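Student: Could we work through this structure together, one question at a time, with each term explained when it comes up?

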Amino acid sequence: MTDQQQMDLRRDEVEAGTTTGLAAPSVDVTEARQNSLWSDAWGELKRNPLFWIGAVLCLLFVLMAIVPQLFAGGADPRACDLADSKALPSAQHWFGFDQQGCDYLANVVYGARNSLIIGVAAVLVVLVLGIIVGAIAGYFGGVTDGVLSRLTDIFYALPLILGALVLLRVGPSTNLPIISDRGPGAVALALALFGWMTAMRLVRSQVIAVKSSDYVAAARAMGASNGRILVRHILPNAVAPVLVYTTITIGVLIAAEATLTYLGVGLQRPAISWGLQIEAGQESIRTAPHLVLFPSLVLTLTVMAFILMGDALRDALDPRQRA
Amino acid sequence: MSDHSVPARGVAAGDERAAHRGAAGSTSRSRGTDRTTPSEPTTGATAASAAPRPGKPVAGETLLEIRDLQKYFPLTQGIVFKRTIGHVRAVDGVNLTMRRGETVGLVGESGCGKSTVSKLLVALEKPTSGSILYKGRDVARMSGRALKDYRREVQIIFQDPYASLNPRMTVGDIVAEGWAVHSDVAPKKGRLQRTQELLDRVGLNPDYVNRYPHQFSGGQRQRIGIARALALRPEVIVCDEPVSALDVSVQAQVVNLLEDLQDEFGLSYLFIAHDLSVVRHISDRVAVMYLGSIVEEGTDEQVYTSPSHPYTQALLSSVPLHEPVLRGQKDRILLQGDVPSPANPPSGCRFRTRCWKAQDVCAEQAPALVDRGQGHPSACHFAEAREVVPVDAE
Amino acid sequence: MTRPDLSPSAPARPAAGNPLLEVDDLHVEFRTRSGVVHAVNGVSYSLSEGETLAILGESGSGKSVSAQAIMGILDTPPAVIAGGGIWFEGRDLLQQTPDEQRRVRGPGISMIFQDALSSLNPVYSVGYQIGEMFRAHRGTSKKEARQRAVELMDRVRIPAAASRVDDYPHQFSGGMRQRVMIAMAIALDPKVLIADEPTTALDVTVQAQVMDLLKDLQRDTGMGLVLITHDLGVVNEVADNVAVMYAGEIVERGTVDDVFTDPAHPYTDGLMSSVPQVEAKGGRLQPIAGQPPNLAAIPSGCPFHPRCPRRRLGAAAAPGRECATDVPPLRLVVPGREAACHYSEEVLGV
């Protein structure tokens, strides 16, 4: 019998309970390190091509937002010539010109900054608010849940656009730090404040489901604190659906910014954003479809990039998905 | 094994008879023992069932004392303004004592409240009234340090090995989690090695520390759950249906492991299960629960060979036997109807609505859990020992 | 196609009639992303009128999948019936169109499941659901169907059937729900009833009631009963014949008396001695080592050999009977008993 066979046989006996493993306490620490969920998740992400596609796209847009000069092909978005108004794409000007005769590629590239700030910042606030409120409501239940859930219902009753509209209309007359300056930060905050409820509902229902599981009971019986149970057991098992939801929401929020602009309370010219461009392009969609097409295209690509990353992250955080 | 002369495994009622049954047990099982698994010294294995297993400490001082324990869950209506419209009496007057080193079996059918007892014991629920005394101290009044110590010393193993392990934690993290809470049990350095030792001890490959629960079979997961409980060096482990979700061939592995660990670490078990055969095998004493309270209690021998409560008798007579020669040899007591709702239990004796012995007194007076001459406590006004399970005398 | 020799399992306790149902070398695979799962690998059995055949096995042994194949309720894909035949009333169901299959199965073979609650539709009354069987298959009027439902509920001993016929599934206890399922299953007087772990979810006192009911119904109607279970006790108390399954194959077959008194396959033997019994405390349990096999990677040779205490490997094995390389066929060991082990004679001690 080979050594391997003998070891297997011993293992069988130990597993069968006919002999005890303690008789020979011959444990070698084979690896110096113990993996955690996050290190394993990163190892998994690294091998996922979809994640890399999403990551490269994201990086591209983020770079575009930080240093638009690199992408604009040397054109200045504000150097316009009305003679070129609504000119179609050409070899020199890939995206053509807008109504004012400005280079559209430069405009779309420079629009990335505001659109990304609004989309990402709003989604981060949505995520934080949704997870915190949802986790507290779901975990503690009872009166806490009752109060927080009703509060959420109240926000649900206010339509996203109407709520943001009122806040942005009133904002400039207040002294509130971000709200009063009417920049992308104000728009993001306004959108997030009236758009976090679905995330909260998702987190809350997941937390309630996970809370009753035996492994949470085991941790409680062991004496683990509420914080530890929430962070180690409940949230890792509850956030997956929210991650997917929020990645999709980025696109929805960037588009909502366009609506606010249309209503006259969002970003105002001379600010540059995809929302403004889509809104402005709608008027001449028959004569110059490229004015809607290009900002919509980059918006879609951005959203897709986030969705790809969100999907990959969700799978990476679920060990059961791994081969 | 003869030097362990004190019969701690409860053979007070007639040593001769116990010895006889032990022998019967060995013959009925002989086809398995005398041909298979040469690694196991089978001679005397059956004798060990009557005498204490080697290394097993003789049942010592009282560790846990459950006194008149009650747990009512409110039934509510309304969402925002909840009003209580009644109570589910999940546990309604349970008394039970557990001594160091012994295994107390708690059997009953679904909904009888046995799982609530386990939750009360590990302080996941607070009792409505009554008390759980651990080493003389009331658990409900513990707080801070004392409660933390209690939570270390009393551990639980759950029924469903698929639900009781966090799917997003590695096996190593799961086993070692207790040390993060009770950092005094194991110094930070060397935790990995101790985790691996524990995995080895419960029969798992120590190299599996970085794997996730879903990569294991049901039986292996249950071993992980056992390792997690062991990590805190507990005194008492509450086993809530620990083998009922496992395959038949794997159940025995886990039962044997639990028995070995008990011998090695001097553990005390409260073994909660609905499988009467497993409970008989592992328990020193057995308590039978029906609708929130204990109807009969005694050594495994007393409860299984001379059950005196009608419910115990019906329960035992319903268990299908494994020996073809015994088929049809037992009295079949088929109970009529269903278990009444614990929200509205019958007056007097809980069992009277399904009992063939019920008389007027049963509706008026709840029978106390006392010995009425049958040799062990039974909560029936007309308790009478009766042999229900045929003796396998080949 | 060669028909299997069905005689060895014939000595059933009641007078065995002609086979009602014959399963012949059935193969079922699940083709999944991560590989092919061989759930059923060449299973053959037959069932006569009035016979109770127990299919005994653990989870993943293929016992339920083979029954689902008979009922035509496998999810295809991923499941694929890779070979074999299912003969009922002289026809191979697998050679028929789905429509023809439905016409034969509906009234001829019916099935009850472990989880009665999820098998019943929560938004219809139980009376309506039982009556549905008559309306759908016999075109009975609504009023008559309800009347028949009450009769059936009476027959499965649901107390106060007439007043409970309009109740909904959640208003019944687990045992009563299983009776409703049984009522639906026997509504059309099937010749074969397949019961897939019918009492596993039930308490032991209720289990006794339900098994009693099934036995009585069988005696009255003479139907054949295929009882799929992992519970040795239930097999012993109810069945005439037993087929023990492991890793998608039948490893032993015979009368319950014979198999339970003297197993011929080490797996059956191991099962018997690993289970504690209520009639005696017994000594230390003798478990089967290791874990049940992964059906995507069934061990070579005898699928049980990695866990088998009697395996003979390499030079220790008789020629052609090496446990890790030679697949043991299901063969007649002694009259009336088949086993798929190279060394069954030793296990039996004959």
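Tutor: Two residues are in contact if their C-beta atoms, placed from the backbone, lie within 7 Å. This is a predicted model, in which local features need pLDDT of at least 70 and side-chain atom pairs count only at pLDDT 80 or more, while totals for chains, interfaces and linings use all residues. Residues are numbered from 1 along each chain as its sequence is written, and chains are lettered from A and ligands numbered from 1 in the order in which they are written.

Student: Which element of chain B gives the largest share of the side that touches chain C?

Tutor: On this interface, 54 residues of chain B are in contact with 45 residues of chain C. Helices (H or I, at least four residues) and strands (E, at least two) are DSSP runs, numbered from the N terminus, and the elements giving two or more residues to the chain B side include α1 (15-28), α8 (218-230) and α12 (310-318) of chain B. The largest share, 6 residues, comes from α9(B).

Student: How many residues of the side of chain B that touches chain C are charged?

Tutor: For this count, Asp, Glu, Lys and Arg are charged, Ala, Val, Leu, Ile, Met, Phe, Trp, Tyr, Cys and Pro are nonpolar, and the others, Gly among them, are polar. The side of chain B that touches chain C has 22 nonpolar and 21 polar residues, and its charged residues number 11.

Student: Is Val275(C) buried or exposed?

Tutor: Val275(C) sits in the loop between α11 (266-274) and β11 (331-334) of chain C, and, leaving out residues up to four places away in sequence, it touches Val248(B), His322(B) and Leu232(C). A residue is buried if 20 or more other C-beta atoms lie within 10 Å of its own, exposed if 12 or fewer, and partly exposed in between. Because Val275(C) has 25 C-beta neighbours inside 10 Å, it counts as buried.

Student: Which element of domain 1 of chain B gives the most to the side that touches domain 2 of chain B?

Tutor: The bounds, which come from an automatic or database domain assignment, give domain 1 (62-283) and domain 2 (293-394) of chain B, and the C-alpha centres of these two domains lie 28 Å apart. Their contact takes 17 residues from domain 1 of chain B and 12 residues from domain 2 of chain B. On the domain 1 side, β2 (83-99) and α10 (276-282) of chain B each supply at least two residues, and the element that gives the most, with 10 residues, is β2(B).

Student: Where does the largest nonpolar core lie with respect to domain 1 and domain 2 of chain B?

Tutor: A nonpolar core is a set of buried Ala, Val, Leu, Ile, Met, Phe, Trp, Tyr and Cys residues joined through C-beta atoms within 7 Å. Of the 290 residues in the largest one, Leu270(B), Val288(B) and Val226(C) touch the most other members, and α4(A) gives the most to this core, with 19 residues. Because domain 1 (62-283) and domain 2 (293-394) of chain B both give residues to this core, it lies between them.

Student: What percentage of the residues in chain B are buried?

Tutor: Chain B has 13 helices and 10 strands. Of the 394 residues in chain B, the buried ones make up 55%.
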